[in-house]
There are 6 protein chains.
Amino acid sequence: MGEIVTMGEMMMRFMPPDYLKFEQAKSFEVYYGGDESIVASSLARFGLPVSYVTKLPQNPFGEMAISSLRMQGVDTSFIARGGKRIGVNFYEKGISVRPSKVIYDREDSAFATAVQEDFDFDAIFSDAKWFHVSGITPALSESTCRLTEKAMKTAKSVGATVSCDLNYRNKLWPVEKARAVMPRLMEYVDVCINPDISLGLSADLFRGEPDVERYQEMFGQLKKQFGFQYIAATLRSSRSASDNGWSALAYDGSRFCQARRYEIHLLDRGGGGASFSGGLIYGLYTGMALEQAVEFAAASSALKQTINGDFNLASLEDVMQLCAGDTTGRVQR
Amino acid sequence: MGEIVTMGEMMMRFMPPDYLKFEQAKSFEVYYGGDESIVASSLARFGLPVSYVTKLPQNPFGEMAISSLRMQGVDTSFIARGGKRIGVNFYEKGISVRPSKVIYDREDSAFATAVQEDFDFDAIFSDAKWFHVSGITPALSESTCRLTEKAMKTAKSVGATVSCDLNYRNKLWPVEKARAVMPRLMEYVDVCINPDISLGLSADLFRGEPDVERYQEMFGQLKKQFGFQYIAATLRSSRSASDNGWSALAYDGSRFCQARRYEIHLLDRGGGGASFSGGLIYGLYTGMALEQAVEFAAASSALKQTINGDFNLASLEDVMQLCAGDTTGRVQR
Amino acid sequence: MGEIVTMGEMMMRFMPPDYLKFEQAKSFEVYYGGDESIVASSLARFGLPVSYVTKLPQNPFGEMAISSLRMQGVDTSFIARGGKRIGVNFYEKGISVRPSKVIYDREDSAFATAVQEDFDFDAIFSDAKWFHVSGITPALSESTCRLTEKAMKTAKSVGATVSCDLNYRNKLWPVEKARAVMPRLMEYVDVCINPDISLGLSADLFRGEPDVERYQEMFGQLKKQFGFQYIAATLRSSRSASDNGWSALAYDGSRFCQARRYEIHLLDRGGGGASFSGGLIYGLYTGMALEQAVEFAAASSALKQTINGDFNLASLEDVMQLCAGDTTGRVQR
Amino acid sequence: MGEIVTMGEMMMRFMPPDYLKFEQAKSFEVYYGGDESIVASSLARFGLPVSYVTKLPQNPFGEMAISSLRMQGVDTSFIARGGKRIGVNFYEKGISVRPSKVIYDREDSAFATAVQEDFDFDAIFSDAKWFHVSGITPALSESTCRLTEKAMKTAKSVGATVSCDLNYRNKLWPVEKARAVMPRLMEYVDVCINPDISLGLSADLFRGEPDVERYQEMFGQLKKQFGFQYIAATLRSSRSASDNGWSALAYDGSRFCQARRYEIHLLDRGGGGASFSGGLIYGLYTGMALEQAVEFAAASSALKQTINGDFNLASLEDVMQLCAGDTTGRVQR
Amino acid sequence: MGEIVTMGEMMMRFMPPDYLKFEQAKSFEVYYGGDESIVASSLARFGLPVSYVTKLPQNPFGEMAISSLRMQGVDTSFIARGGKRIGVNFYEKGISVRPSKVIYDREDSAFATAVQEDFDFDAIFSDAKWFHVSGITPALSESTCRLTEKAMKTAKSVGATVSCDLNYRNKLWPVEKARAVMPRLMEYVDVCINPDISLGLSADLFRGEPDVERYQEMFGQLKKQFGFQYIAATLRSSRSASDNGWSALAYDGSRFCQARRYEIHLLDRGGGGASFSGGLIYGLYTGMALEQAVEFAAASSALKQTINGDFNLASLEDVMQLCAGDTTGRVQR
Amino acid sequence: MGEIVTMGEMMMRFMPPDYLKFEQAKSFEVYYGGDESIVASSLARFGLPVSYVTKLPQNPFGEMAISSLRMQGVDTSFIARGGKRIGVNFYEKGISVRPSKVIYDREDSAFATAVQEDFDFDAIFSDAKWFHVSGITPALSESTCRLTEKAMKTAKSVGATVSCDLNYRNKLWPVEKARAVMPRLMEYVDVCINPDISLGLSADLFRGEPDVERYQEMFGQLKKQFGFQYIAATLRSSRSASDNGWSALAYDGSRFCQARRYEIHLLDRGGGGASFSGGLIYGLYTGMALEQAVEFAAASSALKQTINGDFNLASLEDVMQLCAGDTTGRVQR
């Protein structure tokens with residue numbers, strides 16, 4: 001059984017090929033993903049035992065979501081089956097001055113309508129050392145909000161570390177709602193990733209080029225307010241839909257560690273944030289020092305953004321090599 | 001404004017390419033279609049003025065559905081915009097002994113949740129000579145059931161001919177429900193196409209190879225019961241998912257006319273039935289004798305099944321040529 | 001009927017996929033386009049009533065050209081049918097230090113051989129407020145040269161504004177010929193777009209990086225010489241076949257307005273110039289101030305160059321958003 | 001230098017993929033071919049020295065036509081370069097009851113406008129043992145008609161065998177014109193392939209299922225009239241656009257030899273006729289008895305119709321194996 | 001751990017798309033498969049616990065082979081890693097009169113050079129109830145021949161049933177070699193599938209249309225000679241590379257059971273034989289009567305041949321439905 | 001017969017499309033190439049007579065390798081046939097911070113196992129003016145090492161110029177081995193291209209940004225040590241897997257000539273080095289001054305890296321145009 005547990009929703013992502021606009025698409029590439037499933041697949045690929053908890057419909061798309069995880073080595077034995085449909089998101093990949101666009105069609109999905117009886121949390125967490133969830137999961141429905149709290153509580157009760165990637169999505173819930181829920185859930189959280197407006201922070205912190213000094217100040221305040229063991233955030237400089245700067249900042253209450261900055265020509269930025277969470281958890285779980293962990297997480301998520309699809313298919317060796325500083329892209333023979 | 005009016009739901013159809021199974025699909029071809037929109041596009045391509053009534057969401061997929069109709073020359077000016085989503089169906093094309101499979105994800109679509117206030121029926125029908133609808137439309141929701149009746153009534157009130165393709169779908173409503181509704185709607189119907197169990201007929205009439213004698217007997221009974229002007233049905237012999245026989249039978253109360261039988265190597269059987277309706281309406285609307293009209297309808301729908309996608313892109317000339325008896329497939333230089 | 005009229009030739013564009021050279025292509029993507037048809041489709045997409053005038057052959061390629069316009073909402077009712085063939089151009093998309101290449105095969109096309117009797121100019125212009133044409137149209141043949149003058153005259157006679165994008169193409173006619181024709185046509189023109197050597201200007205103005213000061217001086221001289229109401233030109237900095245700077249300059253006789261400069265990673269630069277014309281006409285037609293109009297036109301045509309195909313499929317909302325200054329390419333959820 | 005000489009026009013063939021109709025095609029597959037070039041490539045692949053004579057434009061498409069021949073081992077050193085364009089044909093592959101369609105756009109091609117000065121016939125035929133041409137070549141233009149006669153004369157003057165595949169195309173010239181030319185050219189011909197209405201035969205001989213008895217009678221008359229050494233024709237039974245019967249009949253003035261009949265599920269029937277000519281020439285040139293030669297030709301051309309593109313890529317070994325009677329399609333490991 | 005164990009080699013299969021010949025292929029589709037892995041994946045998909053034993057290189061292709069199995073639910077924990085390369089086979093899919101062709105490039109593969117120390121047979125078989133292997137495995141090398149015998153012995157020692165699909169491949173070893181090995185291995189075998197010339201049978205039994213009477217006689221002799229519990233064979237009628245008849249015969253020493261005959265329009269016949277083995281093992285393992293088991297195996301393998309790739313992706317429900325007799329290919333909505 | 005002779009191994013290159021990782025590839029694009037074959041094809045395309053010597057298996061992949069050369073105009077008449085297999089390399093194209101990866105599967109290839117008897121060196125070199133080989137050829141096997149020396153000797157004996165591109169590959173042989181062989185072979189070499197560690201140079205010369213001064217110093221030493229007529233090397237600045245700087249340095253014993261520096265957005269960097277050799281040989285062979293030759297070589301190889309596949313399909317005209325200084329990528333109409 002997995003010693004790291006993650007829980008969330010998996011969706012089909014439909015994406016027009018070749019930078020076509022939605023209006024031009026005669027076909028859509030399809031990927032299976034979702035925040036926590038990306039974390040799970042990263043950890044499994046890096047060699048850690050990890051289990052993913054969700055609910056998926058009894059149809060070929062539910063099957064595919066599961067087998068795409070199994071393929072990566074994720075334990076899927078706690079996934080519940082049933083419900084009406086799998087959530088869908090349409091993704092139009094932007095380029096240059098044309099931004100990417102996302103259209104959600106995920107209401108009434110199997111997981112959004114899942115209930116506590118679908119999961120045996122005692123069994124799921126019987127051997128857990130770590131639990132990870134994103135702020136998307138409680139945002140899906142009242143029911144998944146309760147599931148999130150229940151899972152966090154159970155995780156804490158068995159002594160597991162709890163990490164949460166805030167990841168506020170205004171299409172899922174209004175900020176007022178998020179602010180009523182997320183701060184309360186923070187009481188269970190040890191590792192806070194990408195704190196955002198759902199914790200009450202000001203929106204202008206997240207506009208334009210990230211300002212490291214203001215981030216440090218904000219991390220300090222959050223540490224005081226919530227007592228997190230670690231706080232970490234990615235630093236994305238969006239120069240265009242094709243080219244981004246990428247770094248990260250982490251804090252353990254005493255030191256701030258900032259990762260090397262990568263200039264990324266994006267192939268598929270989807271899953272970049274979740275890959276950061278996956279990398280950070282890998283680093284902390286395997287006992288890296290914070291500065292190494294944040295470098296590992298930044299390198300891992302930089303690589304993800306040069307790989308098509310939701311999952312981060314970079315290998316441990318690939319990440320280590322990039323961490324070691326080789327960004328020249330020379331051919332590896 | 002169009003003199004033929006049709007009303008129904010348009011969906012996105014997602015289909016794996018190259019006869020792949022759902023589980024194998026890394027991409028899906030996408031088509032926009034739906035029973036009555038296929039009828040509308042056929043009629044527009046054949047040169048008749050036709051308007052299509054539906055409701056579609058304010059997003060690129062709604063746009064595409066509309067522009068795919070406009071491309072064929074259908075009047076789209078009465079299409080309402082709004083609602084949550086466009087209906088979706090997943091279609092796995094079968095081959096040989098492996099049947100095709102359809103998975104619906106069409107609940108809560110814009111049209112299924114449309115209401116009377118979305119449409120100005122007086123304007124829509126102000127110049128109408130013909131109204132066509134399928135049994136799928138009332139099956140979608142209570143609301144579309146009321147819309148169907150309202151449209152039929154309005155059509156009759158302006159003296160338009162009303163045609164209905166029964167097209168019972170058990171995934172949309174139980175047979176008891178359909179039998180409570182469809183016979184009642186038949187009072188407005190002049191041209192009854194593909195009568196089925198929703199009119200109370202026995203299911204075994206439609207199993208296996210169609211039995212023309214039993215169909216004739218059934219047509220006779222329906223004529224008596226409902227007083228239709230014309231009754232017509234397609235006769236499909238499913239030898240495998242790849243090869244079908246195809247013919248049709250029509251009745252005007254005095255004569256039975258059976259169309260030539262085609263042996264079709266199927267490219268995409270989707271839309272075959274609706275293309276038959278389109279062909280039959282074209283024939284009757286332009287004043288063909290019933291035997292010509294049913295031949296035209298059969299040829300038209302046979303050709304459809306050799307064309308990819310929902311819409312019947314055969315031209316009037318193509319259909320006429322096949323009607324004239326040339327099935328040798330010799331190259332036309 | 002459309003209140004904006006455009007006239008020109010539509011061609012099939014054959015383009016090897018994936019940056020292949022002509023010699024490598026086992027298949028060609030096909031697009032339908034042509035300068036004025038791009039202007040027409042832009043205006044229709046932005047919501048203005050627009051009609052496109054041309055002649056196309058009675059074959060499926062003529063049909064496709066028409067339905068591609070109808071799809072975008074352009075009025076195609078004045079398009080004549082007949083003639084031998086549709087014009088073709090082969091387009092090899094360059095990358096980095098490898099330039100794009102165009103091979104024309106457009107001689108004897110339906111439109112190039114069209115005559116005045118193919119069009120009822122009185123009907124076409126009965127409701128016209130604006131007429132747009134490019135310098136390509138008179139360059140095609142003696143006959144289209146006469147058609148252009150006739151159309152301009154008719155437009156003026158009904159009080160319509162006339163715009164012309166000079167767009168000199170040396171493969172279509174020698175510069176001497178162009179200089180004998182274009183200045184004469186300028187007498188009908190109110191809005192002069194992209195003035196070039198066909199008006200007698202020196203070729204070295206258009207070599208290398210555009211020099212805004214020299215452009216301003218040139219605009220001043222043209223104003224004096226031809227009395228245009230507005231003069232506008234795009235400013236393209238070709239750093240490579242993949243990366244261009246993009247801006248624009250406009251002049252109303254008193255003020256010079258220069259648009260924001262975009263750094264574009266090109267997806268398909270084809271149609272950039274025509275999209276600028278479309279954007280400028282939209283701005284002026286809807287009453288924007290010149291500085292807004294030129295910003296709108298520059299943003300609109302910048303976006304076009306990140307979209308595959310000839311037509312500018314950017315929506316009004318997309319253009320407005322880029323005009324508002326967001327070039328970060330952040331995901332729009 | 002090649003000992004077998006062929007002459008004709010090469011075209012680009014544009015074909016929609018996946019049985020799409022012209023109207024649906026977003027891309028076209030491209031093949032280079034043309035009757036005599038198919039003969040040439042067949043002979044080169046079977047190992048005979050063969051040269052192909054044509055004229056092609058100085059552009060990448062001319063290059064590609066040539067390199068596609070060179071790839072197969074055809075001697076291209078006598079191909080003239082220049083002229084305006086390469087001829088084009090659009091090919092819509094039919095299926096089942098939907099026939100294939102061809103649209104020519106080949107006027108004013110480089111070869112159609114070629115003149116005698118483009119070719120040094122003395123050099124071309126200095127080492128020739130056989131010359132082959134189809135009836136398409138003289139049909140292209142007055143000029144190619146003269147070239148054909150000149151080539152035939154030169155071939156006869158060096159003692160070469162002359163074969164001609166009649167291949168009448170009514171889109172290229174009216175039957176009266178063909179009948180004024182082709183019988184006259186027959187005086188140079190030793191091997192007459194696929195005699196047709198251009199020799200004055202009745203059109204109804206070629207309608208519907210081929211009638212072997214009437215073919216034999218016709219062969220007898222032609223033998224008397226023109227004194228051919230051999231007469232041969234393919235026998236195609238067009239059951240549909242997907243399934244054809246295929247056989248052939250040959251005659252040497254004393255015996256009629258009929259090849260085995262193949263039932264072919266067509267992949268691409270284009271080039272079937274020319275592959276028959278190629279196979280027949282191979283057989284006769286290498287000294288096979290007529291019954292073997294016609295079997296070889298029939299097998300060779302049957303295989304062609306299961307191969308995509310114009311050229312017959314079957315190997316000598318493939319043809320021999322089919323000739324030997326194995327039509328079971330068992331996997332060859 | 002799996003209760004059914006299979007062992008063999010997995011290869012990459014490279015296949016030109018769209019029925020292209022090897023010479024035409026600009027790209028190859030790639031599938032991972034191999035006889036016993038197909039059996040394993042079938043059983044896992046049908047819900048049985050199954051483990052697959054092989055050796056694969058430490059590279060991405062080895063990874064992919066493993067994850068393709070894990071995706072289907074096969075236990076891959078006993079797969080050894082190392083060696084030089086993964087075996088490759090090139091597969092040209094035939095059509096109609098053109099046969100499929102296979103080119104092996106599998107020498108020196110990781111599994112062919114594996115040794116006993118790579119596997120812990122005691123652990124592998126500790127919980128085994130069934131062991132399956134094909135005749136390909138001992139044919140690969142002296143080493144795999146020893147591995148096969150060792151595995152069979154270990155299986156028998158724990159009381160597992162042993163099945164073997166003979167599957168003689170003359171490109172792997174000469175028939176004399178096979179006849180020196182395979183009969184000796186039969187002493188461990190309970191279920192003999194597709195007996196062939198490697199057991200000393202005459203080659204002409206397997207030429208042309210299978211003769212059921214001669215098969216029955218042959219089964220009787222094998223029963224006597226080797227004492228098998230069950231003998232079964234598929235009956236393939238190769239009418240062409242596209243269309244095959246398909247049935248099967250099984251024998252338990254007292255009764256002969258012949259499965260329904262399917263007429264299959266082949267999509268991909270690869271893996272048909274192994275799917276039969278998979279189906280038969282499923283039937284016998286789950287306690288079906290022999291007539292049911294052979295029907296299940298025949299239906300299962302018929303479906304496989306309508307599915308692209310090596311693995312049989314038909315679901316248990318799909319097979320059951322076909323077994324129940326519905327071969328009409330009607331759409332399943 | 002060719003006056004320039006090259007010798008080496010051709011491989012199939014399998015490359016995932018669309019920047020997919022090996023693990024994601026459902027298909028592989030295939031290219032035929034190999035260092036010296038790229039040189040040969042470049043020279044043939046530029047119009048020089050060139051012959052390529054290798055050994056290839058008697059199968060369709062050997063055929064394709066040969067016809068891909070014949071297509072470009074290379075003389076293939078000295079290519080030996082036979083052996084077990086064609087060498088394969090798998091190439092994962094990197095992007096941005098993700099490097100490209102190469103996996104070789106080329107052991108026991110036909111050429112690696114070729115012997116002297118496969119080639120008639122006297123005939124091959126009877127008319128030779130130039131011989132080119134890379135350091136990969138002797139690295140393949142003991143046998144090809146002897147073949148290389150034999151070829152160099154024969155070339156010198158007929159007075160041909162000998163060029164060698166060192167191109168050390170540590171996956172083919174250890175540096176000690178290379179250093180025992182390559183310096184010895186240098187005695188036959190006139191033109192030394194890309195000297196590397198196999199000549200005893202320090203590895204750190206080739207790490208990071210190339211240092212022109214140190215290169216000049218190194219060239220001077222090599223000149224003294226080996227007496228080369230010319231020494232040349234490419235200067236690649238790897239900023240990322242997508243963007244490289246590119247220049248070159250040449251030396252004739254008195255002057256150092258450095259080519260213009262190109263900033264290349266890479267489409268396919270494979271074959272860049274060999275294209276440089278091809279360009280340099282073209283320049284020197286046709287009598288360009290060294291500064292022109294190195295500019296030609298740099299421009300030629302810069303263009304290659306914007307073209308997919310192994311061969312440099314840039315035309316002489318394309319290279320000349322880039323040499324002339326136009327790097328703006330403006331459309332060539």
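Student: What makes the crossing of α1(A) and α8(A) right-handed or left-handed?

Tutor: The crossing is right-handed, because a near helix turned clockwise from the far one by less than a right angle gives that hand, and an anticlockwise turn gives left-handed. This is a predicted model, in which local features need pLDDT of at least 70, side-chain atom pairs count only at pLDDT 80 or more, and totals for chains, interfaces and linings use all residues. Residues are numbered from 1 along each chain as its sequence is written, with chains lettered from A and ligands numbered from 1 in the order in which they are written.

Student: Why is α1(A) called oblique to α8(A)?

Tutor: The axes of α1 (residues 35-45) and α8 (residues 272-285) of chain A come within 8 Å and cross at roughly 40°. Angles under 35 degrees count as roughly parallel, over 145 as roughly antiparallel, 65 to 115 as roughly perpendicular and the rest as oblique; therefore α1(A) is oblique to α8(A).

Student: Which residues of α1(A) meet α8(A)?

Tutor: Asp35(A), Ile38(A), Val39(A), Ser42(A) and Leu43(A) in α1(A) meet residues of α8(A), among them Gly278(A) and Tyr282(A). Such a contact requires C-beta atoms, placed from the backbone, within 7 Å. The residues of this contact comprise 6 nonpolar, 5 polar and 1 charged.

Student: What makes the relation of chain A to chain F that of a three-fold axis?

Tutor: A turn of 120° and a shift of 0.0 Å along the axis lay chain A on chain F with an RMSD of 0.0 Å. That is therefore the relation of a three-fold axis. In chain A, the C-alpha of Asp18(A) is nearest the axis, 5.1 Å from it.

Definitions and conventions
Axes fitted to C-alpha atoms, helices over the stretch in contact; angles between N-to-C directions. Helix = DSSP H or I, 4+ residues; strand = E, 2+ residues; numbered from the N terminus. Contact = placed C-beta atoms within 7 Å. Nonpolar A, V, L, I, M, F, W, Y, C, P; charged D, E, K, R; others polar. Least-squares fit on C-alpha atoms with pLDDT ≥ 70 in both.
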